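Open the structure in your viewer and keep the sequence panel beside it. The stops below say what to select and what is there.

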Amino acid sequence: ILRNMIETGNLSSFILWGPPGVGKTTLSKIVATSLKREFYTLSAVSAGVKEVREVIERARSNNLFSGDMAPILFIDEIHRFSKSQQDALLGAVEDGTIVLIGATTENPSFEVITPLLSRCQVFVLKSLGKDELQELLDRAVSTDEVLKHRKIDILETEALFRHSAGDARKLLNILD
């Protein structure tokens, strides 16, 4: 479904639900870049209703003058937004002023208000498996500007993978 949205350019709001380090933020940036959409990002940990309204107003202003497709508003940790903060998004999501991409590690059925949830598709992302972690590790060792110039022998990939628990960010931090 997500690939189809990107290929057709017909993007609707959605929420990415999955454990840390599976690429929720990266995926949202890929979507925005692929569709050449303006991309706003807020963290629910530090943003409030004021910041949400500012982004929506900026999106409305830009759309009036440019006629471009709706920009993407990415909200990391959307489950941390209060009900009033989530309510502030409703009108702009419904009228297409913005396309909302939310990221959460918590079940959105319990953490996102029903009216907002009903306007969003939910995509469940899973922890990275052994093959994905191996590919990430190989790519890091061969393409990272620092690592590719060093001779690195990884003898305990199983231990690395077990300790990272399917989290790409954790794997790369361990490697670092």
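**Second largest pocket**

The lining of the second largest pocket divides into three nonpolar residues, no polar ones and three charged ones. The model on screen is a predicted one. To see this pocket, select Leu 128, Glu 132, Glu 135, Leu 136, Arg 139 and Ala 168, which line it. The space in the second largest pocket comes to about 160 Å³. Now colour helix α7, residues 130–143. Helix α7 provides four residues, the largest share of this lining.

**Largest pocket**

Next, select Val 22, Gly 23, Lys 24, Thr 25 and Thr 26. Of the 19 residues that line the largest pocket, these five are the closest to its centre. The volume of the largest pocket is about 450 Å³.

Which elements each supply at least two residues of this lining? Colour α2 (24–35), β4 (99–104) and α9 to see them. Among these, α2 deserves its own colour: with five residues, α2 gives the most to the lining of the largest pocket. By residue type, the lining of the largest pocket divides into eight nonpolar, six polar and five charged.

**Where two helices cross**

Keep α9 selected, which is residues 168–175, and add helix α8, residues 157–164. Two packed helices are described by the angle between their axes and the distance between the axes. Here the axes come within 8 Å and cross at roughly 130°. Angles over 145 degrees would count as roughly antiparallel, and 65 to 115 as roughly perpendicular. The helices α8 and α9 are therefore oblique to each other. Their crossing is right-handed.

Which residues of the two helices meet? On the α8 side, show Leu 160, Phe 161, His 163 and Ser 164. On the α9 side, show Lys 170, Leu 171 and Ile 174. The residues of this contact divide into four nonpolar, two polar and one charged.

**The whole chain**

Finally, clear the selection and zoom out. How many helices and strands does the protein have? There are nine helices and five strands. Colour by secondary structure and follow the sequence from its start: the pattern is α-β-α-β-α-β-α-β-α-α-β-α-α-α. Taken along the principal axes, the box filled by the C-alpha atoms is roughly 55 × 35 × 30 Å.

Conventions
Residues are numbered from 1 along each chain as its sequence is written. This is a predicted model: local features need pLDDT of at least 70, side-chain atom pairs count only at pLDDT 80 or more; totals for chains, interfaces and linings use all residues. Side-chain values use heavy atoms; hydrogens and water are left out. Axes are lines fitted to C-alpha atoms, for helices over the stretch in contact, and angles run from 0 to 180 degrees between N-to-C directions. Angles under 35 degrees count as roughly parallel, over 145 as roughly antiparallel, 65 to 115 as roughly perpendicular and the rest as oblique. A crossing is left-handed if the near helix is turned anticlockwise from the far one by less than a right angle, and right-handed if clockwise. Contact means heavy atoms within 4.5 Å. Ala, Val, Leu, Ile, Met, Phe, Trp, Tyr, Cys and Pro count as nonpolar, Asp, Glu, Lys and Arg as charged, and the others, Gly among them, as polar. On a 1 Å grid over the protein atoms alone, a cavity is a set of points where a 1.4 Å probe fits but cannot get out, and a pocket is an open set with protein on both sides within 12 Å along at least five of seven lines; lining residues have an atom within 4 Å of a point. Grid points are joined across faces, edges and corners, and a volume is the space filled by probe spheres set on the points.
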